[in-house]
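I opened my notebook to record what I looked up in this structure, beginning with one local detail and then moving out to the whole chain.

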Amino acid sequence: MKYYNSNTIIYLDGAFEKAVNSSTDLYGQSLHYGYAAFEGIRAYKTHNGNRIFKAAAHFDRLERSCQLANIPFPWDKQELIAATYKLLQLNKLKDAYIRPLVFCHPNMKLNEPSGVSILICAWEWDAYSGNKLLKLTVSDYERPNPKSVPMEAKLSGNYVNSILATTAANIKGYDEALLLDMHGFVAEASGANIFLEKDGKLYTPSPGNILSGITRATVKELCNVLDIECVEKKLTIEDLKKADSAFLCGTATEIAGIASIDDIVYRPLWRESIGYTIQRAYKNLVLEKVNYEVII
Ligand code: PMP
């Protein structure tokens with residue numbers, strides 16, 4: 001994947017500049033300690049023009065992540081959203097992935113940042129990911145205890161855990177890792193939340209030991225619209241086994257059906273699952289098609 005070329009423009013602390021001319025300080029606290037906060041946002045080409053899906057929710061979470069980690073956030077979020085739209089325009093991007101990153105200036109001490117910067121970059125992304133069903137494995141790595149790092153914050157350092165889990169899963173031939181929390185309850189995938197379907201209802205882990213994502217919230221909103229009961233509770237490996245179907249959701253993942261988790265193979269067919277209905281509804285929502293029920 002090539003994220004930029006010689007023409008790519010990035011946004012850095014209020015200025016638009018060429019990615020190839022930008023640099024960062026090698027003594028930065030973020031580089032050394034993973035002390036940074038970031039977002040992953042999608043832009044879609046819709047019939048109403050290019051739209052950043054839930055831009056305000058993402059920049060709100062970026063600010064909240066910084067607050068939870070004592071990283072200053074001295075920016076106006078409306079200005080950041082406007083700058084992100086301009087960034088897409090300058091790079092002629094329509095279907096895109098957007099990555100804002102708040103990073104800390106040089107400081108080798110383990111104390112408060114000496115200063116902060118904000119970078120926003122974006123790259124092209126497929127219009128909508130396909131219908132490939134994922135093969136998951138339950139990871140030997142656990143999600144970190146929220147008493148050691150705030151799990152509701154999207155902090156760079158937390159993603160070492162995600163990288164370790166994904167790499168181990170990929171080496172074993174799986175697409176994704178499913179991680180448990182420190183009590184052995186189902187938490188989330190390395191970069192997405194999980195929903196299970198059982199007897200016509202959806203179940204998803206309660207917040208607390210997970211990053212309860214913006215897509216997860218959107219799925220709950222769609223459940224309200226579509227009159228699907230959705231329950232938040234602690235889920236066990238036994239619940240995974242008993243489920244009729246399951247799916248992951250996240251900004252990048254969108255809604256992705258799960259074929260299997262280790263030796264648990266889901267039936268019935270994905271097209272008969274609630275996840276499939278949610279997948280179609282989500283696609284209509286991000287593409288701003290008014291009627292959720294429209295068959296696509
Ligand atoms: N959990 C983790 C660990 C993630 O990295 C993500 C992706 N941001 C999610 C869940 C899903 O969050 P969202 O729907 O806000 O993208």
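I looked up Leu180 and found that it stands opposite Val186 in β10. The model is a predicted one, in which local features need pLDDT of at least 70 and side-chain atom pairs count only at pLDDT 80 or more, while totals for chains, interfaces and linings use all residues. Residues are numbered from 1 along each chain as its sequence is written, and side-chain values use heavy atoms, with hydrogens and water left out.

I then followed the two strands: β9 (residues 176-180) and β10 (residues 186-189) run antiparallel and are joined by 3 bridges, where pairing requires at least two bridges found by DSSP. The two strands form a hairpin with 5 residues between them, and Gly184 in that turn has a positive phi of about 90°.

Next I turned to the whole chain, which has 7 helices and 16 strands (DSSP runs, H or I of at least four residues for helices and E of at least two for strands, numbered from the N terminus). Its radius of gyration is 19 Å, close to the 19 Å that the globule rule gives for 296 residues, so the chain is as compact as a globular protein of that length; the radius is taken over C-alpha atoms, and the rule is 2.2 Å times the number of residues to the power 0.38. I noted that the C-alpha trace spans about 55 × 45 × 35 Å along its principal axes.

Finally, I asked how many of the 296 residues count as buried. The share is 48%, where buried means under 20% relative accessible area with a 1.4 Å probe, protein chains only.

Conventions
Buried means under 20% relative accessible area, exposed over 50%, partly exposed in between (1.4 Å probe, protein chains only).
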